[in-house]
Amino acid sequence: MARNQLLRRPGAAVLLTLGIAAAYFAAGLIGFTQQLAVEGAVVTPLWPSTGIALACLLWFGLRAWPGVVLGALLVILNVSSSARSIGILVGNSVAPLCAYLMLRRVGFRTELDRLRDGLALVFLGALAGMLISATVGSGLLLLSRDIHADAFWPIWSAWWVGDAMGVLVVTPLLLVCRTARWPGGASPGRWAEAACLLVTVVVVAYAVTRSLVPLLFLVFPLLMWAALRFQLSGAAPCALIVSVMAISAATEELGPFEGHGTLGVMSVLQALNGSVALTGLLLSAIVTEQITVRRKIELACAELAELVDRLVPGGDTAHRRPPPPEDL
């Protein structure tokens, strides 16, 4: 309640808008560093700004939308100042807003501790919500005759997947960072396992994305390890590492991305990044949900045992008395 009252103050609202706009703009600059040319248009395989926009909307509600609009405007003005930029601005700012409204409609929880939350983020937040930005952006390029009609669908698919990957990779990472707490009670073995996982993911992801031998499937056992042992707090960073390594190799046409042409590179990259994000997100949501159910059952059993001890005379001693020996 106190945080909501603080955000309603004019000064705090301005700071919130500027902070979100700055984060959106910075993420856009990072996204522009990894570009691929598809049918005469430049697209990014991973657009992190959409992930930041949706995460901010999930955190702060509709108060975050002015910051998203301002950030999108800054990114577009940094690239072009043509008339179609206004339409692209509308598409890029409305898409995360619609994704947020759909998620709120189905009761999405930012903890991502249920399978239904993971599925909602995939199908509503990423796949459905980002149809708007891809359609508006590609349609304006077609109407302004910057691209030919036969190039519309390749550009549209690349645009759509880039925005969707921003949601699938960046949004879960930001959500888990907000709810993460320092594990003070973690054992040294737990810390060692986490460090070993991180180093292994970096080494394996770098190797398989630059090897001419098709070994991309080796990242999936590591994602399963991260999800099973550390849930979303482990799977989300690992998915981001794999995606960044793959995008870097794809833009340089190294390893499995060498000699396939632009469309072939985009197809392999989109399939890999999508599979990585879905594996980490959904598996961690399933594991977290099962852990939550088990804890609730254990708590219910403990409360039931305590109730029985209170209602049954001598129930406490009766439960603790050893059974009589069996007759020989």
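Here a biologist and a modeller talk through how to read a predicted model of a protein.

Biologist: Let's start broad. How many helices and strands does the protein have?

Modeller: Keep in mind that the model is predicted. Its secondary structure comes to 13 helices and two strands.

Biologist: And what share of the residues is buried?

Modeller: Of the 328 residues in the protein, 43% are buried. As for the surface, the protein exposes about 17200 Å², with carbon and sulfur atoms supplying 67% of it.

Biologist: What do the contacts say about residues far apart in sequence?

Modeller: Take contacts between residues at least 6 apart in sequence: 74% of them join residues at least 24 apart.

Biologist: Where does UniProt place the "transmembrane region" feature?

Modeller: The UniProt entry, which is unreviewed, lists several spans, among them residues 12-32, 232-251 and 263-287. You can check such spans against the model. Residues 12-32 are 100% helix and 0% strand, and their end C-alpha atoms lie 30 Å apart. Residues 263-287 are also 100% helix and 0% strand, with 36 Å between the end C-alpha atoms.

Biologist: Now helix packing. How do the axes of helix 9 and helix 10 cross?

Modeller: The general idea is that two packed helices are described by the angle between their axes and the distance between the axes. Here, the axes of helix 9 (residues 188-208) and helix 10 (residues 219-230) come within 10 Å and cross at roughly 160°. Angles over 145 degrees count as roughly antiparallel, so that is how helix 9 and helix 10 run relative to each other. Their crossing is left-handed.

Biologist: Which residues meet there?

Modeller: From helix 9, the list includes Arg190, Glu193, Cys196 and Leu197; from helix 10, it includes Leu222, Trp225, Arg229 and Phe230.

Biologist: Let's zoom in on a single residue. Is Asp163 buried or exposed?

Modeller: Buried means under 20% relative accessible area. Asp163 has 4% relative accessibility, so it counts as buried. You'll find Asp163 in helix 8 (residues 152-179). Leaving out residues up to four places away in sequence, Asp163 touches Trp47, Thr50, Met130 and Ser133.

Biologist: What about Ala239: buried or exposed?

Modeller: Ala239 counts as buried because its relative accessibility is 7%. Ala239 sits in helix 11 (residues 232-251), and UniProt lists residues 232-251 as a "transmembrane region" too. With residues up to four places away in sequence set aside, Ala239 touches Leu223 and Val276.

Biologist: How many Å separate the C-alpha atoms of Ala239 and Leu168?

Modeller: Those two C-alpha atoms are separated by 9.3 Å, while Ala239 and Leu168 are 71 residues apart along the chain.

Terms used:
Residues are numbered from 1 along each chain as its sequence is written. This is a predicted model: local features need pLDDT of at least 70, side-chain atom pairs count only at pLDDT 80 or more; totals for chains, interfaces and linings use all residues. Side-chain values use heavy atoms; hydrogens and water are left out. Helices (H or I, at least four residues) and strands (E, at least two) are DSSP runs, numbered from the N terminus. Buried means under 20% relative accessible area, exposed over 50%, partly exposed in between (1.4 Å probe, protein chains only). Contact means heavy atoms within 4.5 Å. Accessible areas come from the Shrake-Rupley method with a 1.4 Å probe; for residues, only the protein chains shown count as cover. UniProt positions are given in the numbering used here, feature names are shortened, and annotations may be inferred rather than shown by experiment. Axes are lines fitted to C-alpha atoms, for helices over the stretch in contact, and angles run from 0 to 180 degrees between N-to-C directions. Angles under 35 degrees count as roughly parallel, over 145 as roughly antiparallel, 65 to 115 as roughly perpendicular and the rest as oblique. A crossing is left-handed if the near helix is turned anticlockwise from the far one by less than a right angle, and right-handed if clockwise.
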